[in-house]
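Trainee: I am new to this structure and should be grateful for a close look at one part, the surroundings of the ligand. Please connect that part with the rest of the protein.

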Amino acid sequence: MVRKGIPVKKLFADMNDFLDKEIFVNGWIRTRRDSKAGISFIELNDGSCFKNLQIIVEHSTPHLKEIIKKINTGCSVGVSGVLRESPAKGQPIELDARDITIYGEADPASYPLQKKRHSFEFLRQIAHLRPRTNTIGAVTRVRNQISYAIHQFFQERGFYYIHTPIITTSDCEGAGEVFQIITEGEGENFFGRPTYLTVSGQLQAEIYALALGKVYTFGPTFRAENSNTRRHLSEFWMVEPEMAFADLEDDLNLAQDMLHYLISRVLDSCKEDLEFFRKFIDKGLFSRLEVVATESFEVITYTEAIEMLKNSGESFEFPVEWGEDLQAEHERFLTEKKFKKPVAVIHYPRTLKPFYMKVNDDDERTVAAMDILVPEIGEIIGGSEREYRYDVLLEQMRQKNMNIDDYQWYLDLRRYGSAPHAGFGLGLERFVQFITGVQNIREAIPFPRTPGHALF
Ligand code: 4AD
Ligand code: MG
């Protein structure tokens, strides 16, 4: 059996329990430095936390002197030794090595991760090694904490977790950005009808909301959108709650509570990783997060947003006109310059939004939609009240030239026990990007898929 190490995270957290005792750790070597006095200092990282453990190797111990020659950046080792208070600045503890086992060597002549800072673009080309870097390791731990907290948030509020299908026959968002599924032998005939990778689990979540009351789905979604931007992926994860007997106000409140909950959790649980991002990526990280963790959204209508943008005195690349979609530059103006906090834009023109959104009774021109915008990223959440009236929904579908037969089941939900309901989708990677400050969304997911780029 492989000997189990004490996680480095635990050594730092409970150091008094381990001081002056013989312990064992496993991990990967980040650096080795040899002093003239016959001592090597190696930095070991085991991924359990941001910190490395410093290991002291005395060359006066004959067998260690031989082993240390083979220890290079990237190799994996098990080390036994005595944990000591460190006399030097920089770390509170260090491990005085007694014995070292090398599991796997790494040839320094070819190991791609060297001491210098590599560009994120380069790191994406070596996706099999990039989690061993400080940045991707920290992003991964933050993403894990967010995913865990998402489940806790919804479970604590009585939502049921459902798994909506990856293979689907509908294009929820109606934007035609679907990947079609074909098999090598049978083309698109495998299912007897065209099928696609899902763009959203919402329509199926609605089925379960209209039976179980409050549900959420959390899984991968796919968009064949040819946009090479810093906030688009072809495969991304989305959490989508759906509530029966709820309207847009309930939806806004849920989204706000969720953002407060998730950010507070990350601020509490990922201090070290966030501190790294503050230091190297975004100096204003903590104040930016505090604002979103505590403040309530500014809620404005789309019509008000258009007026504000027109009167802003800014020169935008894209036109600002009632009926035109808000672009990233408009979203960022509203949240970064105008309000300096999250902004919920509600009641968009129905022509801009998908068929399922509830038409507002008072004006017929707009739907009960909400887009939630945050600084740096722009839209992070999209949601709405759903059209639950059969006739109005049918009319919307006709106006959007949809094939009614394909969505008869969706219409049927409006024939049998229909009820007001609402939900939203939070893009996980945009949220991770917002929290960590990484410039490109491709750093917020372990294996990014974008047009022209899919590794492994
Ligand atoms: O606004 P979207 O398209 O909304 C929906 O899919 C709804 N069906 C959700 C619902 O009401 N249940 O997408 C929701 C969120 C966006 O706000 C954004 O954060 C993220 O998903 N998103 C993307 N993230 C990365 N790459 C892309 N290509 C994304 N497209 C959307
Ligand atoms: Mg949207």
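Mentor: The account below begins with the whole protein, turns to the ligand, and then moves outward to the loops, a helix and the aromatic rings.

Residues are numbered from 1 along each chain as its sequence is written, while chains are lettered from A and ligands numbered from 1 in the order in which they are written. The model is predicted, so local features need pLDDT of at least 70 and side-chain atom pairs count only at pLDDT 80 or more, although totals for chains, interfaces and linings use all residues; side-chain values use heavy atoms, leaving out hydrogens and water.

The protein has 14 helices and 15 strands (DSSP runs numbered from the N terminus, helices being H or I with at least four residues and strands E with at least two). Its C-alpha atoms fill a box of roughly 85 × 60 × 40 Å along the principal axes. Of its 456 residues, 51% count as buried (buried means under 20% relative accessible area, exposed over 50%, and partly exposed in between, with a 1.4 Å probe and protein chains only).

Around ligand 1 there are 25 residues, of which the closest are Glu173, Gln202, Glu240, Glu379 and Ile380 (a residue is near a molecule or strand if one of its heavy atoms lies within 4 Å of it). By class, this shell holds 9 nonpolar, 8 polar and 8 charged residues (Ala, Val, Leu, Ile, Met, Phe, Trp, Tyr, Cys and Pro count as nonpolar, Asp, Glu, Lys and Arg as charged, and the others, Gly among them, as polar). Strands S10 (235-244), S14 (378-385) and S15 (421-427) each supply at least two residues of the shell; the largest share, 5 residues, comes from S14.

Several polar contacts can be named (pairs of N or O atoms within 3.5 Å; within protein, one must be able to donate a hydrogen and the other to accept it, and residues adjacent in sequence count only if both atoms are side-chain atoms). An N or O atom in the side chain of Glu379 is 2.6 Å from an oxygen atom of ligand 1. A backbone N or O atom of Ile380 lies 2.8 Å from an oxygen atom of ligand 1, and one of Leu233 lies 3.0 Å from a nitrogen atom of ligand 1. On its own, ligand 1 has 630 Å² of accessible area, and the protein covers 94% of it (Shrake-Rupley method, 1.4 Å probe; for residues, only the protein chains shown count as cover).

Two loops beside these strands deserve attention. Most residues other than glycine have a negative phi. Phe245, however, has a positive phi of about 55 degrees; this residue is placed in the loop between S10 and helix H7 (248-269) and is exposed, at 69% relative accessible area. Glu376, in the loop between strand S13 (366-374) and S14, has a positive phi of about 75 degrees and is partly exposed, at 30% relative accessibility.

Helix H14 covers residues 428-436, and because 9 of its 9 residues are buried, H14 is largely enclosed by the rest of the structure. Among the buried residues is Phe434. Just after H14, Gly437 takes a positive phi of about 85 degrees.

Arg288 lies over the face of Phe434, 4.9 Å from the ring centre (NZ of Lys or CZ of Arg must be within 6 Å of the ring centre and within 35 degrees of the ring normal). The side chain of Arg288 also makes a polar contact of 2.7 Å with that of Asp282. Asp282 is in the loop between helix H8 (271-280) and helix H9 (285-294), and is buried at 18% relative accessibility. A polar atom of the Asp282 side chain lies 3.0 Å from the backbone nitrogen of Gly284.

Finally, the whole structure contains 18 aromatic pairs (rings of Phe, Tyr and Trp, its six-membered ring, with centres within 6.5 Å; planes under 30 degrees apart count as stacked, over 60 as edge-to-face and the rest as tilted). One of them joins Phe153 and Phe154 edge-to-face, at 5.0 Å centre to centre and 85 degrees between the planes; both residues are buried. Phe153 and Phe154 belong to one aromatic cluster with Phe159, Tyr161, Tyr216 and Tyr261.
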